[in-house]
Amino acid sequence: MFIFFMPLILLAVVVLPFISAGLKKRAGKKVNGKRVILLNIGSFFVCLVSFGVFFVLSASANAPEAAETAVQAAGGVAEGMKYLGAALSTGLATIGTGIAVGSAAPAAIGAVSEDDKNFTKALIFVVLGEGVAIYGLLISMLILFS
């Protein structure tokens with residue numbers, strides 16, 4: 001019976017910080033964005049732990065059958081971890097790129113508006129931020145195609 005309610009519980013845990021932030025905003029209170037993000041990250045890790053506990057309990061309940069299929073499932077788990085690693089490398093690299101370009105581009109625009117000679121220097125700094133995303137994409141391609 002726990003298997004039917006687990007997706008609903010996990011969905012509630014992930015969505016709850018956003019619902020509380022929306023209610024605070026509707027009431028006219030100031031929403032602390034850092035707190036919402038930290039709550040969402042915390043709820044994500046709660047979901048990971050609950051999934052781990054659920055899979056350990058379900059594996060121990062089916063131990064005789066699991067021993068036979070463990071060799072077959074090892075390839076599936078390795079394949080899944082490969083996709084997870086590729087997604088994390090691309091996702092985190094693009095988040096870093098967003099942060100870098102978000103701070104470098106306005107400064108570059110301001111420098112160019114004061115003096116047109118600063119255009120190439122400013123462009124280099126913005127492109128260096130974009131390079132992080134390209135490196136993340138390259139790493140994910142190496143993970144996927146190896």
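**Helix α3 and its neighbours: a walk through the model**

Let me begin with Thr97, which lies in helix α3, and I should say at once that what we are looking at is a predicted model. Thr97 counts as buried because its relative accessibility is 6%, which falls under the 20% that sets the limit for that class. Its side chain has a polar partner, since the side chain of Thr97 reaches the backbone nitrogen of Ala133 at 3.0 Å. If we leave aside the neighbours within four places in sequence, Thr97 is in contact with Gly102, Gly129, Glu130, Val132 and Ala133.

Before going further along this helix, let me step back to the chain as a whole. It has 4 helices and 0 strands, and the pattern, read along the sequence, is α-α-α-α. There are 146 residues in the chain, and buried residues make up 14% of them. The chain exposes about 11100 Å², and carbon and sulfur atoms supply 76% of that area. As for how the chain meets itself, if we take the contacts between residues at least 6 apart in sequence, 68% of them join residues at least 24 apart.

With that in mind, let us return to helix α3 and move to Ala93, which also lies there. Ala93 is buried, as its relative accessibility of 11% is under the 20% cut-off. Its contacts, again without the neighbours within four places in sequence, are with Leu88, Val132, Ala133 and Gly136. The distance along the chain and the distance in space can be set side by side here, for Ala93 and Ile134 are 41 residues apart along the chain, while their C-alpha atoms are separated by 8.1 Å.

The next position to consider is Ser89, which is in helix α3, a helix that runs over residues 63-114. Is Ser89 buried or exposed? Its relative accessible area is 17%, and Ser89 is therefore buried. The side chain of Ser89 reaches the backbone oxygen of Ala86 at 3.0 Å, whereas its contacts, not counting residues up to four places away in sequence, are with Gly136, Ile139, Ser140 and Ile143.

Several of the partners named so far belong to the next element, so let me turn to helix α4, which covers residues 119-144. The buried residues of α4 are Ala122, Val126, Gly129, Gly131, Ala133, Gly136 and Ser140. Among them, Gly129 and Ala133 are in contact with Thr97, Ala133 and Gly136 with Ala93, and Gly136 and Ser140 with Ser89. The length of α4 can be checked by a simple calculation, because at 1.5 Å a residue its 26 residues should span 38 Å, and the end C-alpha atoms are indeed 38 Å apart. Not every residue of this helix is covered, however: Tyr135 is found in α4 and counts as exposed, with a relative accessibility of 59%. The C-alpha atoms of Tyr135 and Thr90 lie 8.5 Å apart in space, although 45 residues separate the two in sequence.

Now to the surface of helix α3, and to the charged residues in particular. How many salt bridges does the count give? The count comes to 1 salt bridge, and the side chains that meet in it are those of Lys82 and Glu79, at 3.5 Å from N to O. These two residues are 3 residues apart in helix α3, which means that about one helical turn separates them. As a general point, an α-helix has 3.6 residues a turn, so residues three or four places apart point the same way. Both partners are partly exposed, Lys82 with a relative accessible area of 21% and Glu79 with a relative accessibility of 32%.

There is also a nonpolar patch on the surface, formed by Val77, Met81, Leu84, Leu88, Leu92, Ile95 and Ile99, with about 730 Å² of accessible area together. One of its members, Ile95, is found in helix α3 and counts as exposed, because its relative accessibility is 52% and the limit for that class is over 50%.

Finally, a brief look at the earlier part of the chain. Leu48 has its place in helix α2, residues 33-61, and is partly exposed, with a relative accessible area of 42%. Leu48 and Leu10 are 38 residues apart along the chain, and their C-alpha atoms are separated by 9.3 Å.

Methods. Residues numbered from 1 in each chain as written. Predicted model: local features only at pLDDT ≥ 70, side-chain atom pairs only at ≥ 80, totals over all residues. Heavy atoms only, no water. Buried < 20%, exposed > 50% of the residue type's maximum accessible area, 1.4 Å probe, protein only. Polar contact = N/O pair within 3.5 Å; in protein donor to acceptor, adjacent residues only side chain to side chain. Contact = heavy atoms within 4.5 Å. Salt bridge = Lys/Arg side-chain N within 4 Å of Asp/Glu carboxyl O. Patch = residues over 30% accessible without salt bridge, like charges linked within 9 Å, V, L, I, M, F, W, Y side chains within 5 Å. Areas by Shrake-Rupley, 256 points an atom, 1.4 Å probe, with all protein chains shown as cover. Expected span 1.5 Å × (residues − 1).
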